Amino acid sequence: QGQVVLSQCDRLDAGLTKIIEASGQLTELNRKLEVQKVTLAESTTACATLLDEIANSTADAQAKQKLAEATAIAIAEQSEQIVVQKKEAEEALAVALPALEDAKIALKD
């Protein structure tokens with residue numbers, strides 16, 4: 001019976017050693033976890049900031065795109081008006097040129 005008690009004491013001693021080792025490992029893991037929590041918080045903040053910057057840049061780009069589209073439409077409208085005005089000017093010139101030629105001839109005579 002003494003052997004049984006010694007065997008159980010050895011098992012208990014080995015179990016306690018394992019618990020102490022596990023406790024040390026758990027302490028180390030908790031320390032690492034705390035460091036990782038800080039790193040995670042910093043990364044989360046950086047990501048949130050970056051997302052805000054991206055959202056702002058996207059909004060700016062969309063506003064500039066709308067402005068460019070509006071400008072392109074205005075330019076197209078002005079181009080149409082210029083074409084009409086050019087045609088009108090050419091027609092007026094076509095009418096005026098013969099009168100100018102007649103006036104030149106009259107001045108020579």
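## A walk along helix H1

Start by selecting Leu12, Leu16 and Ile19: together they make a nonpolar surface patch with about 310 Å² of accessible area. A patch here gathers residues with over 30% relative accessible area and no salt bridge, joining nonpolar side chains (Val, Leu, Ile, Met, Phe, Trp, Tyr) within 5 Å and like charges within 9 Å. Accessible areas come from the Shrake-Rupley method with a 1.4 Å probe, and for residues only the protein chains shown count as cover.

A word on what is on your screen. This is a predicted model, in which local features need pLDDT of at least 70 and side-chain atom pairs count only at pLDDT 80 or more, while totals for chains, interfaces and linings use all residues. Residues are numbered from 1 along each chain as its sequence is written, and side-chain values use heavy atoms, with hydrogens and water left out.

**Stop 1: Leu16.** Stay with the patch and pick out Leu16, which sits in helix H1, residues 2-108. Helices are DSSP runs (H or I, at least four residues), as are strands (E, at least two), and they are numbered from the N terminus. Is Leu16 buried or exposed? Its relative accessibility is 44%, so Leu16 counts as partly exposed. Buried means under 20% relative accessible area, exposed means over 50%, and partly exposed lies in between (1.4 Å probe, protein chains only).

**Stop 2: the whole chain.** Now zoom out and show the full trace. How many helices and strands does the protein have? There is one helix, and there are zero strands. The C-alpha trace spans about 155 × 20 × 20 Å along its principal axes. The radius of gyration is 46 Å, whereas a compact globule of 109 residues would have one near 13 Å; this radius is taken over C-alpha atoms, and the globule rule is 2.2 Å times the number of residues to the power 0.38. Buried residues make up 0% of the 109 residues. Switch on the surface if you like: its accessible area comes to about 9,800 Å², with 63% belonging to carbon and sulfur atoms.

**Stop 3: Ile54.** Select Ile54, also found in helix H1. With a relative accessible area of 45%, Ile54 is partly exposed. Then add Leu107, 53 residues away along the chain: the C-alpha atoms of Ile54 and Leu107 are separated by 74 Å.

**Stop 4: Glu28 and Arg31.** Next come the salt bridges, each a side-chain nitrogen of Lys or Arg within 4 Å of a carboxyl oxygen of Asp or Glu. By this rule the count is four. One of them joins the side chains of Glu28 and Arg31, at 2.6 Å from N to O. Both residues lie in helix H1, three residues apart, about one turn of the helix. Glu28 is partly exposed at 33% relative accessible area, and Arg31 is partly exposed at 45%.

**Stop 5: Lys86 and Glu90.** Move along to Lys86 and Glu90, whose side chains meet in a salt bridge of 4.0 Å, N to O. Why are they about one helical turn apart? Because they are four residues apart in helix H1. Lys86 counts as exposed at 51% relative accessibility, while Glu90, at 46%, counts as partly exposed.

**Stop 6: Glu101 and Lys104.** Finish with Lys104, which forms a salt bridge with Glu101; their closest N and O atoms are 4.0 Å apart. These two are three residues apart in helix H1, so about one helical turn separates them. Lys104 is partly exposed, with 42% relative accessible area, and Glu101 is partly exposed, with 40%.
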